[in-house]
Amino acid sequence: MKNLLYKFLFIFITAIISTSTLLMSQLTITIGSQTAESGTSNISPYNYYWESRRVQFVYTAAEITAAGGYAGAISAIAWDVSQVNGGSLSNYEIRLAHTTATDATSHNSASLTTVKTAHTFIAGSTGWRTTAFDSNFNWNGVDNILVDVCWGVNAGWGSNGQVWMYNNVVNQTRSVNSTTLNQCGQTTTGARNYKPRVQFTFGAACNAPVAVITQNCAPDYLSYNLQINVTGLGDATSVDITDGTTTYHSNVGLGVYSVSSISSGKTIYVRNHIVPTCQFSQTFTMCDICSGASVPTDECAGAPIIDLSQPFVGSTDCTYTASVGSPSVCGQSIDNDSWMRFIAGSTDVEIDFTVGACTPQNRGIQLAVFSGSCGALTLVPGSCDGPGTYGDNAGLTSTWNFSGMTIGDTYYIRIDGYAGDLCDYYFEPVSGVVITPDNDECADAMVLTCGDSDIASNILATAIDAPTGCTGGGIPSKGVWYTFTGAGVPVTISTDNPGTNFDTQFNIFTGSCGAFTCVGGDDDSGAGTTSTYTFTPVNGTTYYIYVDGDGTAVGQFEISMICCNITPGITNNAGTTILTCSTTAISVTGTGGISYSWSG
């Protein structure tokens, strides 16, 4: 009987401890006193005066911790209502963010996390009006918390609805309002004293997962990819990676994960697989053309050299102004021009470009190319393109050709919106534009196979690992690397091709990067000053080719690799070779030394 009593007491005490733990798993703190009512039309997260409104205010880490808050998951927020709204608020949305700002002096563009998605906020009654979050906000315990509330557009309005406010100090609350347009994405403009008295509900302390998320914009800025590096699991044994609707990776551990081709703004959550409210989150917006790493500059000075090996997207809608001293050419008036540079790899340049819809004229962009330097620019004849004399290009894809370039020289492109048109545009170079070679170093040698050709340039090559030349190949200078594997058949390496426009030379090696054995080389055996070399490589052996210019010569070249497609060395019964093969002919040697050959 006594043992039974002890057992009952143990179960009872355990139940009390468990219940206490459960009760203590949530904590609601109150910040601020009932100092003043908000007023029915003033800035507030609760009133019916404006059909649409966005409001921002900040609670400091010191306020939160002084009220008993702690680092961890916040699961709800509440306002102290003193007068009930005359109607419910439509599309009511709450977003939070960590911030270093201490008040609402200016619009806060911190990366917001949506904790309560757009819904109908019922007017309710006076007293604390609590909203439970759809997704917890994991406060780091150090930064201040930005609260961003918006709603609209309501069907009606009224001069009613108030909450209790505190902290009669300037710039405590900020907003933007409209009677007809949703303001959730607009910049807050007006400020007032006081901020809302608030309650935060903290869930059980959560050791959330930790991740570093990197956004990579697509070249056309129409989408982006995310690389999610999960560096800590927190309390979890595995996590889910999701945007709240689509789960991209489920039940995964530490590591790097990718999400590709995202075409809209997203909040990405790295969630405890078992307890999804314990999570890390980060919000991403669509990539901004105007913030690209190589965006054209407003003035000629400092214009970036664009890597036109990839399609390039830009816009005249990037707060550009008319450049000081911009040359008046092509019959173009200048309104919002911008500048970039390129290096010519040929005397002729061809670029395809696409222009989107433009406002307000919808005429398009006007283009011109200049030689010289900023402040002393000369128009390249024939380089003008654009609306007016040359035709509207808004909403079209066009080809832009201009000639007379000096190989290796730098040129300036000016892009301007016709009559101030604001347009996105897309350049896709076809030929004549120099790029930084990917195969500048031996370790990055480009692989060639039989029948391949490649158009490249040595203009921006560095000669960082230029080899010692072989007999016939000259003294190597700025060049690039290629590699191939021998198949035991004759091979011709050549720059005697239409894409070559300068004096080339090349050297061929076996071995490995930095430890080469010469095979041979050539300078000027092809037509003009091009190069060509034929030999029979050993089957399975790796070869390296270094292509450069004779002396200091630079330009564009087209390298090709042509192989014999007949296995050579066929023998007769006596072991005498009767079939040989070159890149241009097949020869058969018969009895008595009589030879036959076929060309082609």
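Here are some friendly notes on the strands, disulfides and salt bridges of this predicted model.

1. **Strand β5 and its cover.** A good place to begin is β5, which spans residues 89-99. This strand is mostly covered, with 9 of its 11 residues buried. As a general reminder while you look at it, side chains in a regular strand alternate between the two faces of the sheet.

2. **The neighbours of β5.** Two strands are worth displaying next to β5. One is β6, residues 113-121, which runs antiparallel to β5 and is joined to it by 5 bridges. If you want a residue pair to orient yourself, R95 has T114 as its bridge partner in β6. The other is β8, residues 144-151, also antiparallel to β5, with 7 bridges between the two. Here T99 makes a handy marker, as its bridge partner in β8 is N144.

3. **A charged network that includes R95.** The R95 that pairs with T114 also turns up among the salt bridges. Salt bridges with shared partners bring R54, R95 and D148 together in one network. I would colour these three residues alike when you view β5 and β8.

4. **Disulfides, beginning with C290 and C318.** Searching the whole structure gives 9 disulfides, and I pick out three of them here. In the pair C290 and C318, the sulfur atoms lie 1.9 Å apart. The link is left-handed, with -80° about the S-S bond. It connects distant parts of the chain, 28 residues apart: C290 sits in the loop between β20 (279-284) and β21 (312-315), and C318 in the loop between β21 and β22 (338-343). How accessible is each end? C290 counts as partly exposed at 27% relative accessibility, while C318 is buried at 11%. The cut-off that separates them is 20%, since a residue under that value is called buried.

5. **C358 and C423.** This disulfide has its sulfur atoms 2.2 Å apart. Which hand does the link of C358 and C423 have? The torsion about its S-S bond is about 120°, so this disulfide is right-handed. The two cysteines are 65 residues apart, with C358 in the loop between β23 (349-355) and β24 (365-373) and C423 in the loop between β27 (410-417) and β28 (424-431). Both C358 and C423 are buried.

6. **C470 and C518.** The third disulfide I would look at joins C470 to C518, with an S to S distance of 2.2 Å. Its torsion of -90° about the S-S bond makes the link left-handed. C470 is in the loop between β30 (453-457) and β31 (479-485), whereas C518 belongs to strand β34 (residues 515-522), so the pair ties together parts that are 48 residues apart in sequence. C470 is buried, with 7% relative accessible area, but C518 counts as partly exposed at 42%.

7. **Salt bridges, beginning with R197 and D80.** The structure holds 7 salt bridges. In the one between R197 and D80, the closest N and O atoms are 2.6 Å apart. R197 lies in the loop between β12 (195-196) and β13 (198-202), and D80 in strand β4 (residues 72-83), so to speak a link across distant parts of the chain, 117 residues apart. Both R197 and D80 are buried.

8. **D243 and K266.** For this salt bridge, the closest N and O atoms are 3.0 Å apart. Because D243 is in the loop between β16 (239-242) and β17 (247-252) and K266 is in strand β19 (residues 266-272), the pair ties together parts 23 residues apart in sequence. D243 is buried, with a relative accessible area of 13%, whereas K266 is partly exposed at 24%.

9. **R363 and D392.** The closest N and O atoms of this salt bridge are 2.7 Å apart. R363 is in the loop between β23 and β24, D392 is in the loop between β25 (376-379) and β26 (397-402), and the two are 29 residues apart. R363 counts as partly exposed at 24% relative accessibility, and D392 is partly exposed as well, with a relative accessible area of 40%. While you have this part on screen, recall that C358 also sits in the loop between β23 and β24, so both features can be viewed together.

Conventions. Residues numbered from 1 in each chain as written. Predicted model: local features only at pLDDT ≥ 70, side-chain atom pairs only at ≥ 80, totals over all residues. Heavy atoms only, no water. Buried < 20%, exposed > 50% of the residue type's maximum accessible area, 1.4 Å probe, protein only. Helix = DSSP H or I, 4+ residues; strand = E, 2+ residues; numbered from the N terminus. Pairing = 2+ DSSP bridges. Disulfide = S-S within 2.5 Å. Salt bridge = Lys/Arg side-chain N within 4 Å of Asp/Glu carboxyl O.
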